[in-house]
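Q: I am new to this structure. Show me how to read it, feature by feature.
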Amino acid sequence: MAATGGWTRAGGHEGAGAQVAPGGAALLDELRAVIGKYVVLPGEEALTAVTLWVVATHIQTALQHAPRLAVVSPTKGCGKSRVLDVLHETVHQPMMTVNTSPAVIFRVIGKNPPTLLVDEADTIFGPKASGDSETLRGLLNAGHQRNRPAWRISGPEHKPTPFPTFAMAAIAGIGDLPDTVMDRAVVLRMQKRKPGEKVTPFRSRYSVPELNALRDQLAAWLGPLRGQAARMVPYMPVEDRAADTWEPLVIIADLAGGHWPAQARATCLAMTRHEAVQDEQSSLKTRLLRDIHRIFRQADNPEALATQDLVASLLQDAEAPWAEYGTKGLNAYHLSNLLRDFNISPANYRFDKGRQAKAYMRNRFLDAWARNCPDLVEAAPEPEHGAALTRMPQGRPPAAPAGTLPVGPPGGPAGPKRAL
């Protein structure tokens, strides 16, 4: 319930014995409205979650866990960078970066860590990422929980030195982040704005002062509450890692009072359930990619497989879920829908003897296999800049363009024994 004059104790299990600070609910309401003015988020729950996450950054030194905020989308132009713009002006001590090294992050995280804002994460965790990507992923995973330092040899005396990793982080990119990062994150699945959905243009001359003023009010409100926040053990509607991730947001809601405790827990339930469904669908799609890889390999990796042949091969596997997919088993329409998120679609293709049919090109799967089934990827030459796999005219044997993955059969003249 809202505080009216001094401190009041929140009632019921939602407050978990927390004292409600005057003005907190109104501040959160104002922040929520301002964020919604500049960005179109996936839903009301997402707007509530972002609001609570922003506020939690201001007391992260009092928290046990540092939830990640994963801002992901299927394509560009969905508003991810604008979300980071708004976060930059409202979170505690922002550190914005597009491409950074783990060594830099190791050295900027201290007793009062910044809030990491990482854009273009698909270039960090993609299939062509540097070896630092795994180190960065490990750092982000470890930094979700307090007292998980990274040890490195440092200094002229080469002494083992612990580097703190605990810091809240918002990470934006096209496509899902690594599973271990997503599992520690509040996930925003951004989409392009619908016709008629309007936002206020973000302009530094008026947007920054407005957001900074709110940031300063939040910091002033939360300053005296750090000790109380550190002692709170709120009731959580979820368990295990989901509870670890959402607890800081629920603590903020309980401190604010009013409608926020109930709204935070409802948001937590809705968004974690949605991600559970996404995980299930993602697992199914990963299984599909693996099965298609096997079918191509068994057919000696042809340049293309007819849609009807690919569907028939999938249905023949008695241990796979495809015969029971939908009401009558997997069909061409289902297959197209499942592969759409990977930017894979069928196209007209001319086979031997002049037969034409809808087909799936093998080279369209290479990126999806590399991103989602990295264990299937074998060493192959690095593609030259701008190089692309192309189909040779009918009647000529396929040959790999210079510097690209071969499209010929395994062990053939086109290149190494196997490309994928």
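Q: Which residues of helix 3 are buried?
A: Buried means under 20% relative accessible area, exposed means over 50%, and partly exposed lies in between (1.4 Å probe, protein chains only). In helix 3 the buried residues are A46, L47, T48, A49, V50, T51, L52, W53, V54, V55 and A56. That is eleven of its 13 residues, so the helix is mostly covered. This is a predicted model, where local features need pLDDT of at least 70, side-chain atom pairs count only at pLDDT 80 or more, and totals for chains, interfaces and linings use all residues. Residues are numbered from 1 along each chain as its sequence is written, and side-chain values use heavy atoms, leaving out hydrogens and water.

Q: What counts as a helix or a strand here?
A: Both are DSSP runs, numbered from the N terminus: helices are H or I with at least four residues, strands are E with at least two. The protein chain has 15 helices and twelve strands.

Q: What span should helix 3 have?
A: The expected span is 1.5 Å times one less than the number of residues. For the 13 residues of helix 3 (residues 44-56), that gives 18 Å. Its end C-alpha atoms are 19 Å apart, which agrees. Helix 2 (residues 24-38) has 15 residues and should span 21 Å. Its ends are 22 Å apart, again in agreement.

Q: Is V55 buried or exposed?
A: V55 is found in helix 3. It counts as buried because its relative accessibility is 0%.

Q: Which residues does V55 contact?
A: Contact means heavy atoms within 4.5 Å. Leaving aside neighbours within four places in sequence, V55 contacts L28, L31, L218, W221, L222 and I252. L28 and L31 are among the buried residues of helix 2. Another residue of interest is L27: it is 28 residues from V55 in sequence, and the C-alpha atoms are 9.8 Å apart.

Q: How is the five-strand sheet ordered?
A: Strands of a sheet pair through backbone hydrogen bonds, either parallel or antiparallel. Two strands pair if DSSP finds at least two bridges between them. Here the open sheet has the order 4-5-8-3-9, with parallel pairing. Strand 4 (94-97) and strand 9 (185-189) stand at the edges, each with a single partner strand, so one side of each has no neighbour in the sheet. The twist averages 15° from one strand to the next.

Q: How many bridges join strand 3 to strand 8?
A: Six bridges join strand 3 (residues 68-73) to strand 8 (residues 169-174). For V72, the bridge partner in strand 8 is G173.

Q: Which strands does helix 3 touch?
A: Helix 3 packs on the sheet, touching strand 3, strand 5 (115-118), strand 8 and strand 9. Axes are lines fitted to C-alpha atoms, for helices over the stretch in contact, and angles run from 0 to 180 degrees between N-to-C directions. The direction of helix 3 makes about 140° with that of strand 9.

Q: Where is confidence lowest, and where is it highest?
A: pLDDT is the predictor's confidence in each residue, from 0 to 100. The protein chain averages 82. Strand 1 (residues 8-9) is lowest, at a mean of 36, and helix 3 is highest, at 97. Where pLDDT is low, the predicted coordinates should not be read in detail. Values stay under 50 over residues 1-17 and over residues 379-420.
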